[in-house]
Amino acid sequence: MKIIKHESQFELYDFNELNNFQQSLLTRAKDMRERARASVSNFMVGVVIEGSSGKIYEGCNCEDSAHTMTIHGEMGALGAMIADINIHNQPQLAVRVAVVLAPAKTAISFDRSGPNISSADEIIYTPCGHCRTMLAQYGKKTTEILCLQPNGQVLVTTIGDLYPAGFSF
């Protein structure tokens with residue numbers, strides 16, 4: 001038997017420690033979260049993806065009562081990016097992903113000092129396994145993932161650390 005060990009790195013930053021571009025992506029993801037329709041899970045997700053062309057793609061989760069037709073926020077943003085690839089015939093990958101995800105009861109707003117969040121929840125939220133698979137397929141191991149947490153901090157990692165043994169074609 002052989003044991004393989006893998007260590008993942010997750011860094012937590014205060015919002016103001018991020019650069020202006022990272023802050024703007026999270027602010028846009030927060031705006032997308034407000035458009036989410038999460039009538040079943042009451043868990044709202046907003047996503048912004050920066051493609052390798054530099055263009056920005058947005059998405060939010062849209063749930064249905066059967067659960068089988070639910071669109072994850074990451075899927076909406078990736079779908080827009082993939083469709084844009086086909087229009088311009090230029091393959092691109094996700095290079096940076098900003099995600100704002102939290103229960104619907106968690107109010108999130110931004111001012112000059114950063115996010116104002118109505119929760120002290122210490123749970124770490126990241127994209128689900130399905131979305132990790134898709135982000136790995138349409139990104140690189142070095143694709144930066146930014147996740148605003150309910151406590152106001154931002155988890156910063158890569159898809160390679162978030163999904164270390166990812167499936168790809």
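**Exercise 1. Find asparagine 42 in this predicted model and describe its backbone and its exposure.**

Start with the location: asparagine 42 sits in the loop that runs between α1 and β2. Next, check the backbone. Its phi is positive, at about 55 degrees, even though asparagine 42 is not a glycine. Finally, look at the surface. Partly exposed covers the range between 20% and 50% relative accessible area. Asparagine 42 has a relative accessibility of 46%, so it counts as partly exposed.

**Exercise 2. Work out what surrounds glutamate 34.**

Begin with the loop between α1 (20-33) and β2 (43-51), where glutamate 34 is found. Now for exposure: glutamate 34 has a relative accessible area of 46%, so call it partly exposed.

Then turn to the neighbours. Skip residues up to four places away in sequence, and glutamate 34 touches Met44 and Ile108. You can also check a distance along the way: valine 45 is 11 residues from glutamate 34 along the chain, and their C-alpha atoms are 8.3 Å apart. To finish, look at the side chain, where a polar contact of 3.2 Å links glutamate 34 to lysine 30.

**Exercise 3. Follow that polar contact to lysine 30: is this residue buried or exposed?**

First, place lysine 30: it belongs to helix α1. Second, apply the cut-off, since buried means under 20% relative accessible area. Lysine 30 comes in at 11%, so it is buried. Third, list its contacts. With residues up to four places away in sequence set aside, lysine 30 touches Val100, Ile108 and Phe110. Ile108 turned up in the previous exercise too, as a contact of glutamate 34.

**Exercise 4. Which side chains make polar contacts with the side chain of arginine 96?**

Go to strand β4, where arginine 96 has its place. At 22% relative accessible area it is partly exposed, because buried would need a value under 20%. Now scan its contacts beyond four places in sequence: Phe21, Leu25, Val48, Ile49, Glu50, Thr143, Glu144 and Leu146.

Two acidic residues in that list deserve a second look. The side chain of glutamate 50 makes a polar contact with that of arginine 96 at 2.5 Å, and the side chain of glutamate 144 does so at 2.5 Å. One more check concerns Leu146: leucine 146 lies 50 residues from arginine 96 in sequence, yet their C-alpha atoms are 7.8 Å apart.

**Exercise 5. Map the nonpolar cores.**

Take the largest core, with its 22 residues. The members touching the most other members are Val47, Ile49, Val97, Val99, Leu135, Ile145 and Ile159. Then ask where the core comes from: β2, α2 (73-88), β4 (94-103), α3 (129-137), β7 (139-148) and α4 (159-162) each give two or more residues. There is also a second, separate core of 15 residues, which includes Leu25, Ala29, Ala98 and Val154.

For a close-up, pick valine 99. Beyond four places in sequence, its contacts include Leu26, Ala29, Val45, Val47, Pro127 and Leu146.

**Exercise 6. How many residues line the largest pocket, and which lie nearest its centre?**

Size it up: the volume is about 240 Å³. Count the lining, and you get 16 residues, with Phe43, Val45, Asn61, His72 and Cys128 nearest the centre. Sort the lining by character: seven residues are nonpolar, seven are polar and two are charged. Last, trace the elements involved, where β2 and α2 each supply at least two lining residues.

Notes:
Residues numbered from 1 in each chain as written. Predicted model: local features only at pLDDT ≥ 70, side-chain atom pairs only at ≥ 80, totals over all residues. Heavy atoms only, no water. Helix = DSSP H or I, 4+ residues; strand = E, 2+ residues; numbered from the N terminus. Buried < 20%, exposed > 50% of the residue type's maximum accessible area, 1.4 Å probe, protein only. Contact = heavy atoms within 4.5 Å. Polar contact = N/O pair within 3.5 Å; in protein donor to acceptor, adjacent residues only side chain to side chain. Core = buried A, V, L, I, M, F, W, Y, C linked by side-chain atoms within 4.5 Å. 1 Å grid on protein atoms, 1.4 Å probe; cavity = no way out; pocket = protein on both sides within 12 Å on 5 of 7 lines; lining within 4 Å. Points joined across faces, edges and corners; volume = space filled by probe spheres on them. Nonpolar A, V, L, I, M, F, W, Y, C, P; charged D, E, K, R; others polar.
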